[in-house]
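Me: I am new to this structure and should like a close look at a single part of it, the largest pocket. Please describe what lines the largest pocket, and then set the second largest pocket beside it.

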Amino acid sequence: MELRHLRTFEAVARTLSVTRAARELHYAQSSVSDQIQALERELGVELLDRSQRQIRLTPQGVALSEYTERILKLMEEARWAVSRPDAEVAVGALETVCLHLLPEVLSRYRSLHPEARVRITQDNRGELYKAVRRGDLDVCLTFGDAPTDAGLRAETLGEEPLVVITPPDHPLAARRRVRLGELASEPFLATERGCGFRQMFDDSFSGRTAKEPVAEVSSIGTLSACVAAGMGCALLPSLAVRAQARRGEIAVVEVDDVSLRTSITMTWLDRNSSNPNLAGLQSVLRGQLDA
């Protein structure tokens with residue numbers, strides 16, 4: 001039995017659809033059908049019941065699907081054992097997560113796994129998800145919901161409040177809380193369209209309080225520095241601004257009449273779940289965010 005035939009059968013058995021399996025594997029539907037038929041000829045049994053509109057597994061197909069799952073997981077473990085002998089784990093994250101969350105997490109991970117080597121990639125959400133799908137990254141950390149692609153797994157590690165940041169001498173700086181309506185006339189800076197933070201800004205100020213930013217900035221660090229310099233206010237996750245607030249460079253104000261929060265999400269390929277290096281890092285991440 002060819003491994004590619006087993007991978008194709010696993011996708012069909014899981015989705016119960018040649019169309020969805022072909023889309024997931026980036027094959028033509030005819031190629032998926034040909035591979036399943038080749039597998040059936042080799043085994044001398046029918047694996048799929050095609051007598052009805054909805055594909056079903058035959059008893060032989062059910063039996064093979066159980067073995068296929070175990071075979072593919074074992075192959076993945078073998079691939080990791082051979083290709084990552086130095087216990088490398090590749091993690092990607094947004095700029096904010098790289099700066100304000102990963103250093104402590106990775107330091108803890110290395111203390112528990114001193115033999116491990118870590119490769120870090122910083123990028124935007126779209127590119128991070130593409131890298132995970134390709135297998136270039138073991139895991140990525142983003143804000144908001146992850147894609148629902150077949151083969152991807154995601155887990156919410158925690159939630160982060162969104163806060164308004166102002167220059168330290170701003171009239172609102174002396175207050176701990178403000179109502180959303182009070183911000184209607186305030187100039188705001190935001191990240192560029194397509195960025196997750198920009199989506200948070202647009203969603204938060206939608207409807208009656210909708211507003212356009214006075215400036216668009218590609219970097220979170222530059223954006224918060226512009227706020228500190230007096231250009232206006234910004235709406236960002238608390239995680240991104242804690243250090244500057246402690247140094248007195250900006251003021252942080254909570255919005256008390258709406259719940260402004262975003263999730264911190266961990267995303268990885270399901271077939272990489274058996275990677276022990278990934279499992280170790282995930283354990284540290286869960287402990288860090290639960291703390």
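Reply: In this predicted model, 29 residues line the largest pocket, and those lying nearest its centre are E10, R14, E24, G151 and R271. The space inside the largest pocket comes to about 970 Å³.

Several helices take part in this lining. At least two lining residues of the largest pocket come from each of α1 (3-15), α2 (18-25) and α4 (59-83). Of the contributors, α1 gives the most, with 8 residues. By residue class, the lining of the largest pocket holds 14 charged residues, 8 nonpolar residues and 7 polar residues.

The second largest pocket may be described in the same order. Its lining is made up of 18 residues, and L94, D123, N124, C195 and S218 are the ones nearest its centre. The volume of the second largest pocket is about 300 Å³.

Here, too, helices contribute to the wall. The helices α5 (95-100), α7 (125-134) and α8 (196-204) each provide at least two residues of the lining of the second largest pocket. The largest share belongs to α8, which supplies 3 residues. When the lining of the second largest pocket is divided by class, 7 residues are polar, 6 are nonpolar and 5 are charged.

To return to the part requested, the largest pocket is thus a space of about 970 Å³, with 14 charged residues in its lining and with α1 as the element that gives the most to that lining.

Conventions:
Residues numbered from 1 in each chain as written. Predicted model: local features only at pLDDT ≥ 70, side-chain atom pairs only at ≥ 80, totals over all residues. Heavy atoms only, no water. 1 Å grid on protein atoms, 1.4 Å probe; cavity = no way out; pocket = protein on both sides within 12 Å on 5 of 7 lines; lining within 4 Å. Points joined across faces, edges and corners; volume = space filled by probe spheres on them. Helix = DSSP H or I, 4+ residues; strand = E, 2+ residues; numbered from the N terminus. Nonpolar A, V, L, I, M, F, W, Y, C, P; charged D, E, K, R; others polar.
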